[in-house]
Each structure stands twice: as structure tokens, then as C-alpha cells.
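Here's a quick walk through a model you can pull up in your viewer. Have a look at it before reading on.

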Amino acid sequence: MPDRPRRQVTFRLTLLRLRRSPAAWAAAAAFPGFILFLWIKESYGTALRSFLFLLPHTFLFLSQDMVGDEVREGRLENVLFLENGFKCYLFGKNAVLVLTGAVYGLGLFIPLWVIGLVTHRSGWGDLPGLITALLAGVYYVMLGGLLSHYLKGGSNVLVLIVAQAAVFIGLLFSATQKGGFLDLFTSGHFPDFAAKLEFLAFAAVIPNVIVAGRLQSYALWIAGLSALVLFIQWMKIRRLELKRP
Amino acid sequence: MSGTALVVHGLSKSFAGVMAVKDADFSLERGRITAFLGENGAGKTTTIKMVLGFLRRDSGEVKLRARTVGYVPEQPAFFSWIKGGELLDCMLRLHGVPLAHRRERIATWCEKLSLDPGLLERRVPSYSQGNRKKFSYLQSLLVSPDLFIVDEPFTALDPTSIMAARRLFCELAEGGAAVFMSTHLISEVEKIYDDVIIIRGGAVILRKRREDPGPWPDLETLFLSSVRSPFRGV
């Protein structure tokens, strides 16, 4: 089977899935609403910073229901996915979701940024923040996809959010200690190897932190993690069989 | 058209140490209907799934010599969010069928399968079980398969549709396709089969053409005598 028609079918099916997902629509509508609210209530600067910080999570919401449910419920045992077509479809979904997230993110960022440019409240210095936000988004899609091999659709996203909440609570506890992790985190300087490792583990759970200017040098870490998670996904998909429980 | 559409050699598969298919050898000829018979758990569906690439084989070879393969599973499952027409569109796109021919082809096959074309505007999982099966047939037949594999072809179909399905298999074989059907309904397959393959305990124990001489008066007797005889393999 030629690759191009297969890619087209993957693209079409993945977009149809998103179009029919109430959760995706709710997330897509709530996010700009929240940014607009911040702009009105606080300031343009707060809205732009929050936009960049939260943008990766929109990618995470796209990644629910990537693999597990479709395999377990036998939906891929279809003539459409013969000759390993189901593997191309499952792997190709990553690319479609990343592309969709990027188009959505850019579609919101460009008008927001242009308004800032015209009113001298944003500049070229915001672009590295956008790039790192997109990178963190890519990581979320890869991670959500990998988790969906083990968990039901939706649970893969939920488990990550619960982990983030737990890490966040831990971070708040460290705020009571002088020189604690939160102090190091806000300064962006990690004095020793252990503190650096601690931050890298933190960023693996909440990659959004690399959007902050002082931490953008850690973008490479997130890029590396994305590549690693994608590789693990590829290995899993390569050995995947369509067995119903 | 003649020749083989599929050659399977030494196909084996085990699940958690239990052999599901052992060293299966068979081939399917174009223009013939092959019945694939076996008791529950004999390894029919596992064999089919390995042939189609849905399961990895532990060993053996599958030589697919068909240009287009059709497949109807026993219990077709579909994405919960997709409409029939959208899935068919994907199928036709995948096989490069020009846009101009798509509507006409769908209408022709809907009529042959007695499937209401209005259903195509609805999500597939909302169809009745019988219509889901017919839709699965439609999906495959749209692309004119020269190897058509059906797992339990008559499940969920009403008597009229069973008759239509039998006629359809004959038409496909007359058109040069190899038809491979795994079924428990021996009385139905008796009316149309050309070749029979019997599998037992994961091993192919009998391969026979209808015209081959033998003491069995019908397919049911052949099947029962095969599965009750001491295990020996082929």
C-alpha cells in the first residue's frame, strides 16, 4: 500500500476524532476564554505569559484516547488497517496531533502577539517562549500517547495532571524552607548536580516550566525526552498485536 | 483468472506458552471458495489474524499474492465517532478510487447488500448488529478484493441476507477472487464451497477439494469424522 494514501487516511481519521470530541472542543474554547479573562482582569502581559505557560496543556488534551481503547475494543481490526496499516495509523497520529496543536496555538498566538506589537507591549523576545511552549506541547503528545498504551482514554491525561498536582503541592511545601527548591527554581540557578537533577525530574512532569525565560536553556532536555518517549512508542507500536481481552 | 492468492507455510503462534496455531500450511486458489472449519478454539481466527498482519507470527511465512484484500471480522467493531459514509470515503481514498466513481460504487453495493444508504449518514456503532456486519461487507467489497477473507460470514445476518451472502461469494469466485471463510455453519457453506481446510488444536489436519473422491456423503460428515479421528496432522 503506498504511504501517501495511508498518511491521508490517518490525517483524516485523527481530525474527525478531534472534531467529534466534546472534551477537545471544551478545552479549545475554554483556553482563549481564560486568556481573555486574564487580559481584562489583569493585564496584557499576564495574559501573554499565561498563554505561553498553559499552551502545552492544550496538546495534552489532544492526546487522550490515542492507542489503548482502539486496540482493546477491536476497532483497528478493520480492512482499513491491513498489512500493518494500524501501526502506521497509531504512529502517524502523533504527527497529526502535534500539527493540530501547533496550528491551534499559532492561531491564537499570532493575533495576541500582533496586538501587543502594535501597542508596544510585546516583541520578538516573546518568540523563544512560543517555541519552548510548542516544544513542551510536543512532549505532552508523545507522553500522552505512551501512557495510552497502558491506560484507558482520558485516564492517560488524568494521571499526568494528578502527578503534576502532587509535584506542585510538594513545591509549595518547599516554599517554607529558605534555599528550598522553590527558591532555586525562581532564581533559575541550580548550585549542585543534585539540585539540577531534581529540576530535570520536575521538568519531565511539568515541562511548561521551560517557557520561563531563565529556564529556556533546558528546552534541549525536553526535546531529548520527547525523542526518547517517541522512540519507546515506536518500539511498542512495532511489536503491537491486535488482541481483544 | 487462476493461480494462488495466498500461500501459508509453517505458520505458528503461541500465547503464554500455549500453542494456538502449529505449523499451518495451506494455499488459497483464485476463483475458488475455501471453507475453513474447526471447533471452538481450534485456531481459525488466530490464523486469519496472522495472515492479515493483526497478530505477529512466531514462525512461518505468509505469501500474499493478491492485489487487494477484503476482510470481514466475526464481530466488526468501529470507531464510536465515525459515520458510515466517512469510513467508506477513507477506504476508497486508501485504494485510490477516483472521487467521481465513489458515489456510484457505494450505491451499487448498498443495493446488492440490501443496506439502506441512508444509514451511511449515521455513526456506524448505532447500526443494528446485522447492519454492522453488512457494512463491514460493504467496506471490503467496494475495493473489489481478489482475496476475500470472512470470519463467520453468516453471524447476525437474517435468512434473506444469508442467501444474498452465499450468492455474493459465488459471484466473487466467478470473478476470479479467492474466497476464504471461517465458519461453524457447515450447512450453509456446504452449498457453495470448492475446497475445505480443517484445523484442530491449532494444526491443519485436512485439506481437500470438493471433487476429490472420498467416502463422506457431505461436508458435515467429513468434518465430524476428521475432528473425531485420532490426532495425526497433515
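What follows goes from the overall build of one chain to its domains, then to the chain contact and a helix pair.

## Chain B overall

Keep in mind that this is a predicted model. Chain B is built from seven helices and nine strands. Measured out along the principal axes, its C-alpha atoms take up a box of roughly 55 × 40 × 35 Å.

How does the radius of gyration fit with a compact globule? For 234 residues the expected value would be near 17 Å, and chain B comes in at 18 Å, so the two agree.

## Two domains in chain B

The domain assignment splits chain B into domain 1, made of 1-67 + 148-234, and domain 2, covering 76-145. So to speak of spacing: the C-alpha centres of domain 1 and domain 2 of chain B sit 26 Å apart.

Where they touch, nine residues of domain 1 of chain B are in contact with nine residues of domain 2 of chain B. On the domain 1 side, helix 5 of chain B (residues 159-174) gives the most, with three residues. Sorted by class, that side of domain 1 has six nonpolar, two polar and one charged residues.

## Where chain B meets chain A

Between the chains, 23 residues of chain B are in contact with 20 residues of chain A. Which elements of chain B each supply at least two residues to its side? They are helix 1 (44-52), strand 5 (69-72), helix 2 (84-94) and helix 4 (129-141).

Helix 2 of chain B gives the most here, with five residues. By class, the chain B side that touches chain A holds 14 nonpolar, five polar and four charged residues.

## A helix pair in chain A

Over in chain A, the axes of helix 3 (residues 44-62) and helix 6 (residues 127-147) come within 8 Å and cross at roughly 25°. Angles under 35 degrees count as roughly parallel, and helix 3 and helix 6 of chain A are therefore roughly parallel to each other. The crossing of these two chain A helices is right-handed.

Helix 3 of chain A brings A:Leu52, A:Leu55, A:Pro56, A:Phe59, A:Leu60 and A:Leu62 to the contact. From helix 6 of chain A come residues including A:Gly129, A:Ala133, A:Gly137, A:Tyr140, A:Val141 and A:Gly144. The class tally for this helix 3 and helix 6 contact in chain A is twelve nonpolar, three polar and no charged residues.

Terms used:
Residues numbered from 1 in each chain as written. Chains lettered and ligands numbered in written order. Predicted model: local features only at pLDDT ≥ 70, side-chain atom pairs only at ≥ 80, totals over all residues. Domains from an automatic or database assignment. Contact = placed C-beta atoms within 7 Å. Helix = DSSP H or I, 4+ residues; strand = E, 2+ residues; numbered from the N terminus. Nonpolar A, V, L, I, M, F, W, Y, C, P; charged D, E, K, R; others polar. Axes fitted to C-alpha atoms, helices over the stretch in contact; angles between N-to-C directions. Parallel < 35°, antiparallel > 145°, perpendicular 65-115°, else oblique. Left-handed = near helix turned anticlockwise from the far one by under 90°. Rg over C-alpha atoms; globule rule 2.2 N^0.38 Å.
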